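These are my notebook entries on a single protein chain. I record what I looked up, entry by entry.

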Amino acid sequence: MPEAADAPDRDVVVVGGGPSGTGAAIFTARYGLDTVVYDRGNAALARAAFVENYPGFPGGIDPETLTALLHDHLDAAGATRVADLVESVERDGEQFRVETADGETVTARSVVAAAWYDASYLQPLDDGGMFETEEHHGEEREQLDRDFPNADGSTAVEGLYVAAPTEQRNAQAITAAGHGAHVARTLLQDRREAEGLAGEVAPVYDWLRPESEFSGDWAERERWREWFENELGDTDADEAEIDRLRERYIDRAFDTARSPAEIERLRYEGHRRLAGHLDTEAVLDAVDNSEIEAYLDGR
């Protein structure tokens, strides 16, 4: 289907590149949506001395390295990261117009608010009820009403999702990252439902599977077609569109299969990319000399 003349510049604009914004952008970019992340604000993570409760780092992780890992993950997922501050988001027909401090203007179909420190850039969208006055360190200021977004991040403004600021979901880096991913899955499910998917085939599950999972009956497309028909909820899509959506769903399912060799390659690449962010001396200190010698002997 050809794009409309007024098609937006981006599928998704994410405002804020901390754990919330990164958690959201990784999911939308990996799904294939053209995603840009604007990140030049007062990041809460940078104010931490050290992070000791982020799963996967039993010895803790310094904020600088964690931030570098978040940025690297955005790059790997295919999101565009821009060091700029969003000043305003307003409605432009059926899309959004986003203006930045550096004078850039970009249109987007969806916006994910993920900047914990300030949501004033959303004020052009406010028709009453989006903001409230609160006291902060003895000063009164307008702040996004914590009840404005739903628990899943959706809002009354179609296409606008809020990952931050929210009530108690941004207080810890790991909570913020998980909530950002949850909000992105809401966005993706909304898009899929708008296409005609419904029921249990509408949610997005971003995972890879060993090719052994596609064996027996599940190695056959007919088994997947049967499952799709059973799980598809009520939809307004016509029969031809359902056929198209079903075959695309099955294609995407089979695309997640990975052979043992591919899994080993992914494992190695994942370790290598992580190691690129670690202190060389600390890595060498953690490795027993006998392990190094055994590796060199068997190489």
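**Entry 1: the first helix pair.** Is the crossing of α1 and α2 left-handed or right-handed? I worked on a predicted model, and in it I found the crossing of α1 and α2 to be left-handed. I then looked up which residues form this contact: α1 contributes P19, T22, A25, I26, A29 and R30, while α2 contributes L70, H73, L74 and A77. Sorted by class, the residues of this contact are 7 nonpolar, 2 polar and 1 charged.

I also noted the geometry, since two packed helices are described by the angle between their axes and the distance between the axes. For α1 and helix α2 (residues 63-77), the angle is about 15° and the axes are 9 Å apart. Angles under 35 degrees count as roughly parallel, so α1 and α2 are roughly parallel to each other.

**Entry 2: T22.** I next examined one residue of that contact. T22 sits in helix α1, which spans residues 19-31. Is T22 buried or exposed? Its relative accessibility is 2%, and T22 therefore counts as buried. Setting aside neighbours within four places in sequence, I listed G17, L70 and L74 as the residues in contact with T22. Of these, L70 and L74 belong to the α2 side of the helix contact.

**Entry 3: the second helix pair.** I turned to helix α4 (residues 221-231) and helix α5 (residues 239-255), whose axes come within 10 Å and cross at roughly 120°. That angle makes α4 oblique to α5. I recorded the crossing of α4 and α5 as right-handed. On the α4 side, the contact involves R221, W224, R225, W227, F228 and E229; these meet I242, L245, R246, E247, Y249, I250, D251, A253 and F254 of α5. By class, I noted 9 nonpolar and 6 charged residues in the contact of α4 with α5, and no polar ones.

**Entry 4: nonpolar cores.** In soluble globular proteins, nonpolar side chains tend to be buried together. I therefore looked up the largest nonpolar core, which has 24 residues; V13, V89 and L122 have the most contacts inside it. The elements giving two or more residues to this core are β1 (10-15), β2 (35-38), β4 (86-92), β5 (95-100), β6 (105-114) and β9 (160-164). Which element gives the most to this core? It is β6, with 4 residues.

I followed L122 further. Leaving aside neighbours within four places in sequence, L122 is in contact with V89, A113, M130, F131, L144 and L160. Apart from this core lies another, of 20 residues, including V12, I26, L33 and V204. I26 is also one of the α1 residues in the contact with α2.

**Entry 5: Q143.** I located Q143 in strand β8 (residues 139-144). Its relative accessibility is 3%, so Q143 counts as buried. Not counting residues up to four places away in sequence, Q143 touches A119, M130, F131, E132, E134 and P165. Among these, M130 and F131 are also in contact with L122.

**Entry 6: the whole chain.** Last, I noted the overall figures. The protein chain has 8 helices and 11 strands. Its C-alpha atoms fill a box of roughly 70 × 55 × 35 Å, taken along the principal axes. Of the 299 residues, 37% are buried. Among contacts between residues at least 6 apart in sequence, I recorded that 58% join residues at least 24 apart.

How values were computed:
Residues numbered from 1 in each chain as written. Predicted model: local features only at pLDDT ≥ 70, side-chain atom pairs only at ≥ 80, totals over all residues. Heavy atoms only, no water. Axes fitted to C-alpha atoms, helices over the stretch in contact; angles between N-to-C directions. Parallel < 35°, antiparallel > 145°, perpendicular 65-115°, else oblique. Left-handed = near helix turned anticlockwise from the far one by under 90°. Contact = heavy atoms within 4.5 Å. Nonpolar A, V, L, I, M, F, W, Y, C, P; charged D, E, K, R; others polar. Core = buried A, V, L, I, M, F, W, Y, C linked by side-chain atoms within 4.5 Å. Buried < 20%, exposed > 50% of the residue type's maximum accessible area, 1.4 Å probe, protein only.
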